[in-house]
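Here is a set of exercises to work through at your own pace. Have a look at the chains, try each task, and then follow the solution step by step.

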4 protein chains.
Amino acid sequence: MLDSKFLNAMNISLDLALEAREIIRGETGQEIPGVRVDKDTYDHATVTTVHIEDQNAQTIMGKPVGKYITIEAPVIKENNQQAHREVAEILAEQLKNLINLPMELNVLVIGLGNWNATPDALGPKVVDQCLVTRHLYNYAPQELQGGMRPVSALAPGVLGTTGIETAEIVRGVVEKTRPSLIIAIDSLAARSVDRIATTIQVADTGINPGSGIGNKRAGINQETMGVRVIAIGVPTVTHAAIIAQDAIEKYINSTGGQPGDASSAIKNVLEPFGSNLTVTPKEIDILIEDTAQIIAGAINMAMHPGISPEDYGYYLH
Amino acid sequence: MLDSKFLNAMNISLDLALEAREIIRGETGQEIPGVRVDKDTYDHATVTTVHIEDQNAQTIMGKPVGKYITIEAPVIKENNQQAHREVAEILAEQLKNLINLPMELNVLVIGLGNWNATPDALGPKVVDQCLVTRHLYNYAPQELQGGMRPVSALAPGVLGTTGIETAEIVRGVVEKTRPSLIIAIDSLAARSVDRIATTIQVADTGINPGSGIGNKRAGINQETMGVRVIAIGVPTVTHAAIIAQDAIEKYINSTGGQPGDASSAIKNVLEPFGSNLTVTPKEIDILIEDTAQIIAGAINMAMHPGISPEDYGYYLH
Amino acid sequence: MLDSKFLNAMNISLDLALEAREIIRGETGQEIPGVRVDKDTYDHATVTTVHIEDQNAQTIMGKPVGKYITIEAPVIKENNQQAHREVAEILAEQLKNLINLPMELNVLVIGLGNWNATPDALGPKVVDQCLVTRHLYNYAPQELQGGMRPVSALAPGVLGTTGIETAEIVRGVVEKTRPSLIIAIDSLAARSVDRIATTIQVADTGINPGSGIGNKRAGINQETMGVRVIAIGVPTVTHAAIIAQDAIEKYINSTGGQPGDASSAIKNVLEPFGSNLTVTPKEIDILIEDTAQIIAGAINMAMHPGISPEDYGYYLH
Amino acid sequence: MLDSKFLNAMNISLDLALEAREIIRGETGQEIPGVRVDKDTYDHATVTTVHIEDQNAQTIMGKPVGKYITIEAPVIKENNQQAHREVAEILAEQLKNLINLPMELNVLVIGLGNWNATPDALGPKVVDQCLVTRHLYNYAPQELQGGMRPVSALAPGVLGTTGIETAEIVRGVVEKTRPSLIIAIDSLAARSVDRIATTIQVADTGINPGSGIGNKRAGINQETMGVRVIAIGVPTVTHAAIIAQDAIEKYINSTGGQPGDASSAIKNVLEPFGSNLTVTPKEIDILIEDTAQIIAGAINMAMHPGISPEDYGYYLH
């Protein structure tokens with residue numbers, strides 16, 4: 001069964017709090033103490049917020065105390081630009097609520113992941129479309145400054161290509177530029193393939209070890225950075241091991257059998273790559289392109305309420 | 001069980017003749033009539049040639065009559081440059097034997113696949129490193145012409161980005177440039193993950209419908225192009241459906257059970273992407289980079305025996 | 001002086017008909033017989049159409065008989081998205097008038113130039129943003145087909161990287177896909193630096209030898225392709241030789257002197273690159289990005305009047 | 001005349017110490033006090049070292065006290081791979097002499113410049129080919145560690161795309177990773193076009209304000225970073241203003257005249273871009289590709305004398 005035991009055996013941690021909760025509730029059959037859930041419904045999206053409220057819930061969920069907002073919008077995959085704009089507006093609204101920061105304070109946007117591997121390129125692609133204003137802010141007219149924020153943006157690369165832990169690079173830049181908030185964007189791995197490019201998670205707890213599909217061992221969070229970190233993640237892959245486990249379970253159930261521990265059979269099939277194997281749809285390049293546009297659009301709206309989209313050009317590199 | 005019936009149910013055709021043969025032999029327990037197999041062993045590679053010799057074998061194997069040379073070299077994944085050079089030399093030797101063409105005749109290299117999706121970018125990346133000489137050939141000194149060939153190269157893109165069947169583009173270019181041979185490079189899907197970036201298939205039958213991971217519905221072969229087509233393919237992905245099926249089989253076997261038809265359980269897990277889901281290792285960008293270098297190196301050696309690697313620079317764009 | 005004699009000595013031909021006319025009129029002091037000029041004025045742009053009406057004018061201008069529409073819009077460089085949209089609409093209007101083709105007929109968009117050299121990458125970047133519909137057209141609902149057109153798009157690369165004349169590739173594709181019209185996009189070289197990323201030329205005569213900054217020796221025009229070719233070009237560079245000549249002239253004039261033939265002095269300064277040297281602003285990457293967006297937007301509007309921008313996503317790869 | 005006065009008027013500073021010295025010597029007709037010059041000759045290259053030895057020379061030259069090694073190798077442009085290897089070995093030798101650092105100490109390679117603008121992409125392209133070992137160093141076998149060094153590498157982007165001064169980013173990373181040496185690679189602007197892709201300057205003074213073609217206002221040097229900085233630069237462009245001035249001078253001389261101050265005539269021609277206009281050969285993409293390979297090769301040889309090129313693969317991302 002796809003339970004905590006299996007995930008541990010395969011060395012997989014679930015990136016989406018919503019999925020982690022489903023698994024655990026599936027095991028216990030009841031709501032986890034210290035976990036509270038809110039739900040909002042929009043035309044093209046459902047917004048579910050999982051609040052992890054105490055240490056006990058943190059231990060059970062394997063995720064730090066905090067807010068995990070999940071926007072489920074199958075329309076992202078449908079490539080309807082009008083609907084994409086609506087999803088971007090919903091995301092912008094959520095970001096604004098979380099941010100709650102005087103306009104003149106610095107924000108640093110970090111695009112995690114690897115430019116060269118399509119499913120891991122979401123973060124760098126968002127950074128590429130962010131309205132960067134920190135270097136222009138002081139030259140902007142007074143009346144404009146009220147509606148914009150000094151924003152900087154960086155795609156620090158991955159350990160394999162820099163030789164430096166991503167968190168070290170970000171920490172160095174944070175100490176030099178003293179942002180009041182970090183927004184970190186990352187590709188996630190979901191449990192279920194139908195979450196690929198349909199779900200956006202916003203967490204006020206930052207990036208924590210074990211998350212994401214790349215090599216980001218040290219966390220990027222309030223504790224390591226000294227400022228609040230909002231993480232925005234979108235599942236772009238699923239673990240092959242989970243697909244295999246789900247298929248086994250579905251099949252056994254269909255035969256009326258009782259599934260047992262399949263982890264060693266699965267490990268065997270996935271040799272020599274192991275938990276390093278991910279499942280992606282062929283059209284991942286288009287999905288990443290569209291999702292990056294939605295997230296960058298939402299960040300730009302949330303950061304600069306006073307700049308109309310018509311004027312973006314002036315600030316876009 | 002992973003048999004022809006399952007592959008049909010999932011709408012999957014196996015790209016490697018070696019794997020297709022294994023499946024069918026597994027079903028019948030004996031060599032397929034009309035199929036003959038040769039094997040050579042090298043330091044870093046095994047070369048197995050599957051000869052499909054008659055119509056009957058063609059029907060059973062689902063692949064046209066012809067030669068399918070498979071170079072199995074796990075060292076490709078190990079990133080040992082010296083060993084990579086040896087694999088390139090083995091591939092060059094195989095190509096030279098197949099080509100067997102007077103030096104002054106034109107060869108057209110076609111890189112199939114999609115630049116923007118890492119696992120499908122092998123073909124375009126090989127084209128990018130090919131020694132293109134067709135436009136310089138007539139200006140080269142007489143004594144050099146004896147050791148080089150007029151080569152041209154094209155990465156025609158995929159149907160989704162051009163609106164044109166790849167085979168139509170290639171056909172058009174063939175009619176204008178009249179090559180005596182086409183070499184087509186493509187990403188393949190393997191049955192087993194341990195074939196990813198360890199196996200190179202060279203087929204003298206060209207590209208045939210159902211092969212590859214992209215959108216290449218019409219064949220690129222002698223029949224459609226009017227000239228011989230040698231296809232070079234490397235598995236860069238596995239079908240998620242096969243991973244799931246293998247896991248089910250391994251697990252059931254381990255419980256002493258008897259596996260039945262799991263195709264509907266698997267289809268269910270793979271919703272909404274279906275057979276469109278592929279499994280890739282995270283480091284696919286590096287694997288593609290290295291494999292492209294080996295294949296381009298082998299093509300350059302096979303095409304231009306008289307140009308020493310020191311002089312490549314002059315011809316490389 | 002920057003006259004026809006100097007341009008011939010330096011082996012430079014002017015891409016913009018407007019500039020060619022200015023030079024010749026400067027020499028003769030009067031309108032060229034067989035050349036007629038119209039002018040329209042918009043908020044953010046001036047549209048000047050040079051009509052070359054007979055063989056005599058063709059010989060003098062060094063450009064085939066036809067219509068050369070020049071949109072001068074300094075606002076392109078200013079990065080004001082609202083104004084960019086207006087320029088795109090003006091260009092779309094001009095294209096619609098020129099095209100004048102039943103909706104069900106095929107159009108092929110060709111992006112000339114070299115992906116890897118920023119100032120020459122305009123064509124490929126436009127192709128990347130074109131709404132490609134040819135492969136979907138027959139599956140689209142009847143009522144939608146009335147407002148869209150079957151469009152395909154190709155970036156054929158340059159001679160140095162393919163070994164094939166671009167015109168040969170295009171010709172081959174044309175023969176296979178039988179479009180009723182070709183739209184070819186190319187980077188141009190202007191006489192004056194203030195035309196870089198401020199001027200768009202639309203010519204109903206296609207691409208003719210001597211034009212553009214890349215290697216496109218054979219023409220892409222009605223004669224070579226068998227169908228009408230509309231060329232859209234934007235200056236992205238100036239010839240270094242022209243900059244040098246203009247500076248000499250301005251300086252000599254300022255000293256009250258009489259400029260003579262400076263071509264050998266200039267050739268000497270430009271060694272070893274000669275007429276191969278181009279002048280570009282540092283921010284050329286941003287200018288190319290913005291211009292590509294305007295041109296692709298205009299082509300999409302002109303091609304598919306029935307598809308609202310909201311629905312573009314569905315057709316964009 | 002192309003003298004200091006003209007360069008000041010045009011707001012241009014010369015990146016190559018060799019060229020700066022020539023200009024000044026041309027003005028005074030004698031060697032600059034406090035400047036000493038050495039010269040070595042190789043098969044494919046000349047190596048000239050300009051030593052700026054005291055404050056007085058620093059003021060006159062407009063460059064800090066230090067060593068400026070210039071490798072002049074026209075063969076770089078000729079694309080002869082064997083000769084390229086020799087140039088790489090000469091550069092590696094020079095780097096080894098300058099570095100003179102115990103093997104276990106960290107080195108940080110910084111690739112300055114803008115990925116998206118071909119002539120400014122040299123730094124990022126070198127970083128992409130550097131053998132990054134810092135994250136593997138502690139896992140490497142003891143006997144290997146003697147012949148390799150912990151190296152990390154970063155392409156920090158440019159101010160326009162990050163909103164952060166490049167020097168700030170580098171400083172932050174330096175404070176976190178504590179390298180004992182920085183090697184910074186940058187594109188330069190030369191006075192003469194025949195220096196484009198034929199000249200490599202290595203300076204032990206780092207990057208200083210006014211250098212380079214991008215936006216790097218603050219220096220990256222011992223003073224700002226707290227560790228030694230070796231700068232490697234290659235001219236990839238020339239200033240359009242210098243081309244214009246040289247042409248005027250050559251022309252006036254040819255007429256037997258006496259050139260005066262042409263700066264206002266030149267400014268006028270270069271409107272609206274001014275000193276922002278650069279001159280590049282069309283084939284700049286190939287030149288950058290080749291030069292990046294030479295520099296990365298030299299850095300890898302100088303850093304890791306114990307790793308044979310055959311084993312590079314294991315460390316290359």
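**Exercise 1. Find the operation that places chain C on chain D.**

Step 1. Start with the general idea: two copies of a chain are related by a rotation about an axis and a shift along it.
Step 2. For chain C and chain D, the rotation is 180 degrees and the shift along the axis is 0.0 Å, with an RMSD of 0.0 Å. The superposition is by least squares on the C-alpha atoms of residues with pLDDT of at least 70 in both copies.
Step 3. Now compare the surfaces: 100% of the contact residues of chain C recur in chain D, so the same surface serves both copies. Contact here means heavy atoms within 4.5 Å.

Before you go on, a word on the ground rules: this is a predicted model, in which local features need pLDDT of at least 70 and side-chain atom pairs count only at pLDDT 80 or more, while totals for chains, interfaces and linings use all residues. Residues are numbered from 1 along each chain as its sequence is written, chains are lettered from A and ligands numbered from 1 in the order in which they are written, and side-chain values use heavy atoms, leaving out hydrogens and water.

**Exercise 2. Describe the interface of chain C and chain D.**

Step 1. Count the residues: chain C brings 42 residues to the contact and chain D brings 42 residues.
Step 2. Look at the area: about 3500 Å² is buried between chain C and chain D, and 66% of it lies on carbon and sulfur atoms. Buried area is the accessible area (1.4 Å probe) that two parts lose on being put together, summed over both.
Step 3. Pick out the main contributors: C:Tyr251, C:Phe273 and C:Lys282 lose the most area to chain D, together 21% of what the chain C side buries.
Step 4. Check for charged pairs: there are 0 salt bridges across this interface, where a salt bridge is a side-chain nitrogen of Lys or Arg within 4 Å of a carboxyl oxygen of Asp or Glu.
Step 5. Turn to the elements, which are DSSP runs numbered from the N terminus (helices are H or I with at least four residues, strands are E with at least two). Helix H10 (240-254), helix H11 (263-270), strand S9 (277-281) and helix H12 (284-303) of chain C each give two or more residues to the side that touches chain D.
Step 6. Among these, H10(C) gives the most, with 9 residues.
Step 7. Sort the chain C side by class: it has 23 nonpolar, 10 polar and 9 charged residues.

**Exercise 3. Work out how the S9 strands of chain C and chain D pair.**

Step 1. S9(C) and strand S9 (residues 277-281) of chain D run antiparallel, joined by 5 bridges. Two strands pair if DSSP finds at least two bridges between them.
Step 2. For one residue pair, find C:Leu277 and look across to D:Pro281 in S9(D).

**Exercise 4. Relate chain A to chain B and examine their contact.**

Step 1. A rotation of 180 degrees with 0.0 Å of shift along its axis brings chain A onto chain B, at an RMSD of 0.0 Å.
Step 2. The two copies are therefore related as by a two-fold rotation axis.
Step 3. The contact joins 42 residues of chain A to 42 residues of chain B.
Step 4. Chain A and chain B bury about 3500 Å² between them, with 66% from carbon and sulfur atoms.
Step 5. A:Tyr251, A:Phe273 and A:Lys282 supply 21% of the area that chain A buries against chain B, more than any other three residues.
Step 6. Here, too, S9(A) pairs with strand S9 (residues 277-281) of chain B in the antiparallel sense over 5 bridges, and A:Pro281 has B:Leu277 as its bridge partner.

**Exercise 5. Locate a salt bridge between chain A and chain D.**

Step 1. Recall that side chains of opposite charge can pair when their charged atoms come close.
Step 2. A:Lys176 and D:Glu175 form such a salt bridge, at 3.0 Å from N to O.
Step 3. Place both ends: A:Lys176 lies in helix H8 (residues 166-177) of chain A, and D:Glu175 in helix H8 (residues 166-177) of chain D.
Step 4. Over all chains, the count comes to 46 salt bridges.

Conventions
Nonpolar A, V, L, I, M, F, W, Y, C, P; charged D, E, K, R; others polar.
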